[in-house]
Amino acid sequence: MDSKIAKADAKHQKLHSEKRKKDNSERKVGNEIFDKLTLETLYKLANQGYIDILNGAISTGKEANVLTGIDKNENFLAVKIYRIATSDFKKMDYYLKGDPRFNIKTKNKRKIIYSWVTKEFKNLTRLYEAGVRVPKAFTSANNVLLIEFIGDETGNPAQPVKNQPPKNPDEFFNKLLVQFKLFVNEAKLVHGDLSNYNILNFNEKPVIIDVSQSVVLDNPISRELLERDINTIVHEYRKLCVKTSFEEVWEYLDCKFFK
Ligand SMILES: Nc1ncnc2c1ncn2[C@@H]1O[C@H](COP(=O)(O)OP(=O)(O)OP(=O)(O)O)[C@@H](O)[C@H]1O
Ligand SMILES: [Mg+2]
């Protein structure tokens, strides 16, 4: 296994030695996801000892790429890199606006994305501390988030439920509801994009991911998002032959905040 960071760094050095006049930090330097700023960030994280080796991509999405990394103690970790060029800033602005933890008054895209990454880091930490099974967040810097790798010891990532439906949907759904209740009542957050795409099937246990858009209950849009999340999972698990309904889930969650 060779270090992509080392290679990337060599490219970075070359870039400097060429003394290019225009310092466009979003310029691509060979690899699509490694613009200059991302490279610098990865390099910094490598120097701080968080990442030793970057492996292949687990997922290449519209807004973020998720890669497997290995730290200096040879543990896997997941490296989520937000792409500045293709991010939906309108959406980010919408979700950040109502969050009392963030006071965003900028139109600067890079600053918005950093707030977005910080938000995902804070949400993950808050959820983890509330006992929700989410990946543990290690650190975030600029557009890069380092989190616990969910997968086996050989580096195979757990699959989203969408790709790997549970063997026993009823049992799995009940485990999911326990997590959902902790999410809302203990962490006091609403996911906002809860679906089988953002629930990993980790040895037949749900692990909830992708919480950048998750909002605090105080956010004026929280109730609408919670209702949408419930509708989505009810729809998806009914398709897997689980007998459930919006009302049943709503009652189970028993969210005092919305009473
Ligand atoms: N901690 C993790 N461990 C293992 N795999 C992960 C982890 N986090 C994310 N993944 C994988 O990466 C995929 C994308 O992650 P995530 O949902 O957080 O990004 P995203 O915001 O949906 O990105 P996009 O919308 O741009 O595709 C997941 O569906 C999952 O397959
Ligand atoms: Mg996702």
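Helix α3 crosses helix α4 with a left-handed turn. This is a predicted model, and here is a quick tour of three helix pairs plus the surroundings of ligand 1. For α3 and α4, the packing angle is about 55°; by contrast in hand, the crossing of α6 and α7 is right-handed, and α5 also passes α7 in a right-handed crossing.

**α3 against α4**

- Helix α3 covers residues 89-97 and helix α4 covers residues 109-129, and their axes lie 10 Å apart at an angle of about 55°.
- That angle makes α3 oblique to α4.
- On the α3 side, the contact uses F89, M92, D93 and L96.
- On the α4 side, the partners are K109, I112, S115, W116 and K119.
- Sorted by class, this α3 with α4 contact comes out as 5 nonpolar, 1 polar and 3 charged residues.

**α6 against α7**

- Here helix α6 (residues 222-239) packs on helix α7 (residues 246-253), with an angle of about 125° and axes 9 Å apart.
- So α6 sits oblique to α7.
- If you want to find the contact in the viewer, look for I230, N231 and V234 in α6, which meet F246, V249 and W250 in α7.
- The class count for α6 with α7 is 5 nonpolar and 1 polar, with no charged residues.

**α5 against α7**

- Helix α7 also packs with helix α5 (residues 169-185), at an angle of about 55° and with the axes 9 Å apart.
- These two helices are therefore oblique to each other.
- From α5, the residues in the contact are L177, F180, K181 and V184.
- From α7, they meet V249, Y252 and L253.
- This α5 with α7 contact has 6 nonpolar residues, no polar ones and 1 charged one.
- V249 is worth a click, as it turns up in the contact with α6 and in the contact with α5.

**Around ligand 1**

- There are 21 residues around ligand 1, and those that come nearest are S59, G61, V66, A78 and D210.
- Four strands give two or more residues each to this shell: β3 (53-60), β4 (64-70), β5 (76-82) and β7 (144-148).
- By class, the shell around ligand 1 splits into 12 nonpolar, 4 polar and 5 charged residues.
- Two domains chip in, with at least three residues of the shell coming from domain 2 (35-148) and at least three from domain 3 (159-253).

Conventions:
Residues numbered from 1 in each chain as written. Chains lettered and ligands numbered in written order. Predicted model: local features only at pLDDT ≥ 70, side-chain atom pairs only at ≥ 80, totals over all residues. Axes fitted to C-alpha atoms, helices over the stretch in contact; angles between N-to-C directions. Parallel < 35°, antiparallel > 145°, perpendicular 65-115°, else oblique. Left-handed = near helix turned anticlockwise from the far one by under 90°. Contact = placed C-beta atoms within 7 Å. Nonpolar A, V, L, I, M, F, W, Y, C, P; charged D, E, K, R; others polar. Near = placed C-beta within 6 Å. Domains from an automatic or database assignment.
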